[in-house]
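This report introduces a structure to a reader who has not met it before. Please consult the sequence and the model shown here alongside the text.

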Amino acid sequence: MTRIDPHSFADPTQGRTTHVDLDLEVDFQGKRLKGTALLHLKDSREGALVLDSRDLLVEGVRDGKGNELAWSAGKKDPILGSPLRVEIPKGTEKVEIRYATSPGATALQWLEPAQTAGGKAPYLFSQCQAIHARSMVPLQDTPAIRFSYSATVTVPEGLSAVMSAAPGEEGPGPRPGTRTFRFRMPQPIPSYLLALAVGSLASRDLGPRSRVYTEPEMLDAAAWEFEGVDAMLRTGEEIFGPYRWERFDFLVMPPSFPYGGMENPRLTFLTPTLLAGDRSLVNVLAHELAHSWTGNLVTNATMNDFWLNEGFTVWAERRILERLEGEEAAALAAAIGRNGLEEEMKRFGPDSPLTRLRTDLEGMDPDEVYSLVPYEKGFLFVALLEKTAGRDVFDRFVKDYIERFAFTSITTGDFEAFLEEKLPGLAAEVDARRWIHEPGLPGNAPTFPSKRLETVRDALAAWKEGKKPGRDIWEKWSSAERQLFLQGLSGKLPARECAWLEESFRLSESKNAEILAEWLTIAAASGFEPAFPAIRDFLGKVGRMKFLKPIYKALLGEERTRSLAKEIFRKHSGGYHPIAREGLERLVAGA
Ligand code: BES
Ligand code: ZN
């Protein structure tokens, strides 16, 4: 067997999937998807075809002509799931699997009506990255293989289905009380970009190529917050070249969505915690949009090359931000990122192999080792290349890179070779080998000077001397500056300082989730009881791991609040996404 990805049983020498036809019915009572996946194969070879699967109930497998094929499921690996081995005859072009997902499918969250904005209809959504697609569809679940797809999705009447694809016609379902939605995805994608959501949805056009979808109750707020999407899209094209996915629509999710955003092509998923009411968190939309070039066109071949997706995308996101909001705004965003990176470096230790850009994750669960390192160390490395080569030269390089590798999946080695080919000597000049293959943060990391950042630093220095910032300066600060200030206070504060912050700035009432979460983390670490109701409320409502993990960690880190953390987790874990639940369980168990 020639495996090419430590997180997949797929062996491309057995055949490669080029297209998938899905026909699925969504069963909210049984919490299952049930139906068929028809895989179209290229270069198939007689013998075993091994697919990835996790907790799927397979009923049977046929070839394209309706002949039943022998199949067997191998022992379940705790990280990879079960290899599904199908015996295929010579010349097999299609394999059809009849199956159902299990209620515990790691890609899927089934929400009760109470967990939605409307409170009346249930909701289902998927999150396939990194290796969860296999719990939704049996397939070769590696980003090294790309396929186009079509889908027929039957849902209870009154609900809508959306996918990372072009919507097609919608009509009555096979039985009374059902409705069927059709989709077609002509551009080939890696499996982790497969996505489905079902619920009570409304939508509004925001530009010729963009539409926002969300529950009707959130539509006005979402449309207002992200009104600038078309300007972003045009800016992205100016810097990175043509937009190759036709449309850039997005879906604002229920609050349990475990990430800030997910770049599902043609339908980005976004957390509702971005709805700050002042457009201060639109950088996440810029980030997911930027993946349309870096990540979705040029895709990491395995999770060992994840920095190619995220490092480039953070860099691209900040380039878009710089165009739209100016250099200062981009510098503040970089400073927030740098703080996050320093935290991660402390958590892992500077010699940890997990602080390399190119990692070796064999035997490791990508969810368990997820961190900001590929994002922010990756960003600094790309920014260093840009600074050293000069912006014009580097922008030309990036456009070439995207064009050359569009709709392919590449390794770090492929990137290094292309860099040397196009900009010979640059890698040596910046010591790229050290950046990519060694742990820690090299001393030549770029910095981003900013007047506004200086003001925040001054205020933090004054705080250490016992001088509090005035109300006026806080009022003048943007959300980013406020966030930087709170980040700089670091960890545990005496109760009277917490009380002062709360009274002066009404932090527990902040509409900006970044600021609120930063504050609640401080309050949790400090055991500041007046904020406990706000902490309970937040942990019971929001499922975004970026916020949950630090708050839980802070509570678990102190004897006095450990049982509170466990009590809150027991109460709400059923409402978290399976990926978040598992991550938090590890935290709680380790405390
Ligand atoms: N693709 C990621 C989310 C992801 C990564 C999900 C790995 C599962 C496994 C997405 O583009 C992302 O990076 N989201 C960030 C946004 C941020 C960096 C602006 C997030 O969710 O916070
Ligand atoms: Zn990303």
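Is histidine 287 buried or exposed? Histidine 287 counts as buried because its relative accessibility is 8%, and the cut-off for that class is under 20%. The model is predicted.

## The zinc site

Histidine 287 is also one of the residues that coordinate the zinc ion (ligand 2). The ion is bound through NE2 of His287, NE2 of His291 and OE atoms of Glu310, at 1.9 to 2.7 Å. Along the sequence, these donor residues follow the spacing H-x3-H-x18-E. Distant parts of the chain are thereby linked: histidine 287 belongs to helix α3 (residues 283-290), whereas glutamate 310 belongs to helix α4 (residues 306-325), and 23 residues separate the pair.

The arrangement around the zinc ion (ligand 2) is irregular, because its six donor atoms subtend angles of 53 to 159°. Glutamate 310 has a relative accessible area of 2% and is therefore buried.

## The four-stranded sheet

Elsewhere in the model, an open sheet is built from four strands with antiparallel pairing, in the order β8-β9-β14-β11. The edges are occupied by β8 (108-111) and β11 (160-163); each has a single partner strand, so one side of each lacks a neighbour in the sheet. On average, and with direction ignored, neighbouring strands of this sheet are turned by 10° against each other.

The partner β14 (residues 196-199) runs antiparallel to β11 and is joined to it by four bridges. Across this pairing, serine 160 stands opposite glycine 199 in β14.

Technical notes. Residues are numbered from 1 along each chain as its sequence is written. Chains are lettered from A and ligands numbered from 1 in the order in which they are written. This is a predicted model: local features need pLDDT of at least 70, side-chain atom pairs count only at pLDDT 80 or more; totals for chains, interfaces and linings use all residues. Side-chain values use heavy atoms; hydrogens and water are left out. Donors are N, O and S atoms within 2.8 Å of the metal (3.2 Å for Na, K and Ca); water is not among the atoms, so sites may look incomplete. Four donors count as tetrahedral if all angles lie between 85 and 135 degrees; four count as square planar and six as octahedral if opposite donors are over 155 degrees apart and all others between 65 and 115; anything else is irregular. Helices (H or I, at least four residues) and strands (E, at least two) are DSSP runs, numbered from the N terminus. Buried means under 20% relative accessible area, exposed over 50%, partly exposed in between (1.4 Å probe, protein chains only). Two strands pair if DSSP finds at least two bridges between them. Axes are lines fitted to C-alpha atoms, for helices over the stretch in contact, and angles run from 0 to 180 degrees between N-to-C directions.
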